[in-house]
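Visitor: I would like a close look at a single part of this structure. Please start with the whole chain and then work inward.

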Amino acid sequence: RELEREPALLETAIEEMLRWTTPVHYFRRTATRDVEFAGKKIRAGQKVVLHYTSADFDERVFAEPFRFEIRRDPNPHVAFGWGEHFCLGAKLARLEARVFWEEFFARFSGFELAGPVRRMRSNLNNSHKEIRVRLAPR
């Protein structure tokens, strides 16, 4: 309801939604050289895993990470990765989310679950097979 009352919050709200529902659980990489990271030695050839779903709730990065806050700014989530591995479709995904919420608020006053939520069984993707909802028109 707060987002509906204050549409200007849509940008930060979408970033918080992304932080909470990062599309990828993890990526694995192989170290190309010996490095030390966060006090841990990683040798060339060792496998390294980044758990995005964990990183986006890191208490060292996010104040009250388990609180959904549509005003969170800055929001340095890694839902789309970073650096050379940053998702090429990130801008399109953000645009799709913005258009979805703008159109949703224009046409509906709310929704409720209309059945069980069915998650996609995947070690890589954080997604759903089915979410049935009942929409309340304006």
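How many helices and strands are there in the protein chain? After that, please take me through helix 2: which of its residues are buried, and what covers them?

Guide: The model is a predicted one. The protein chain holds 4 helices and 8 strands. Read from the N terminus, the order of elements is α-α-β-β-β-β-α-α-β-β-β-β.

Some overall values set the scene. The C-alpha trace spans about 60 × 30 × 25 Å along its principal axes. The radius of gyration of the protein chain is 18 Å, whereas a compact globule of 138 residues would have one near 14 Å. Of the 138 residues, 26% are buried. The accessible surface of the protein chain is about 10,200 Å², and carbon and sulfur atoms account for 56% of that. If one takes the contacts between residues at least 6 apart in sequence, 55% of them join residues at least 24 apart.

Now to helix 2, which covers residues 10-20. This helix is mostly covered, with 9 of its 11 residues buried. The buried residues are Leu-10, Thr-12, Ala-13, Ile-14, Glu-15, Glu-16, Met-17, Leu-18 and Arg-19. Their cover includes helix 1 (2-5) and helix 4 (90-107).

Helix 2 also takes part in the largest nonpolar core, a set of 13 residues in which Leu-3 and Trp-101 have the most contacts. Both helix 2 and helix 4 supply at least two residues of this core, and helix 2 gives the most, with 5 residues. In soluble globular proteins, nonpolar side chains tend to be buried together. Trp-101 touches Leu-10, Ile-14 and Met-17, when residues up to four places away in sequence are not counted. Leu-10, Ile-14 and Met-17 are among the buried residues of helix 2.

The buried part of helix 2 also includes charged residues, one of them Glu-15. Glu-15 counts as buried because its relative accessible area is 15%, and the cut-off for buried is under 20%. Beyond its neighbours within four places in sequence, Glu-15 is in contact with Asn-75, His-77 and Arg-94.

Another glutamate, Glu-59, serves as a contrast. Glu-59 lies in the loop between helix 3 (52-55) and helix 4. Glu-59 counts as exposed because its relative accessibility is 58%, and exposed means over 50%. With neighbours within four places in sequence left aside, Glu-59 is in contact with Pro-65 and Phe-66. Gly-89 is 30 residues from Glu-59 along the chain, and the two C-alpha atoms are 28 Å apart.

Nonpolar side chains are also found at the surface. Phe-111, Leu-113, Val-117, Ile-131, Val-133 and Leu-135 make a nonpolar surface patch of about 520 Å². Strand 5 (108-113) and strand 8 (133-137) each supply at least two of the patch residues. Leu-113, for one, is found in strand 5.

To return to the part you asked about: helix 2 has 9 of 11 residues buried, and its cover includes helix 1 and helix 4.

How values were computed
Residues numbered from 1 in each chain as written. Predicted model: local features only at pLDDT ≥ 70, side-chain atom pairs only at ≥ 80, totals over all residues. Heavy atoms only, no water. Buried < 20%, exposed > 50% of the residue type's maximum accessible area, 1.4 Å probe, protein only. Contact = heavy atoms within 4.5 Å. Patch = residues over 30% accessible without salt bridge, like charges linked within 9 Å, V, L, I, M, F, W, Y side chains within 5 Å. Areas by Shrake-Rupley, 256 points an atom, 1.4 Å probe, with all protein chains shown as cover. Salt bridge = Lys/Arg side-chain N within 4 Å of Asp/Glu carboxyl O. Rg over C-alpha atoms; globule rule 2.2 N^0.38 Å. Core = buried A, V, L, I, M, F, W, Y, C linked by side-chain atoms within 4.5 Å.
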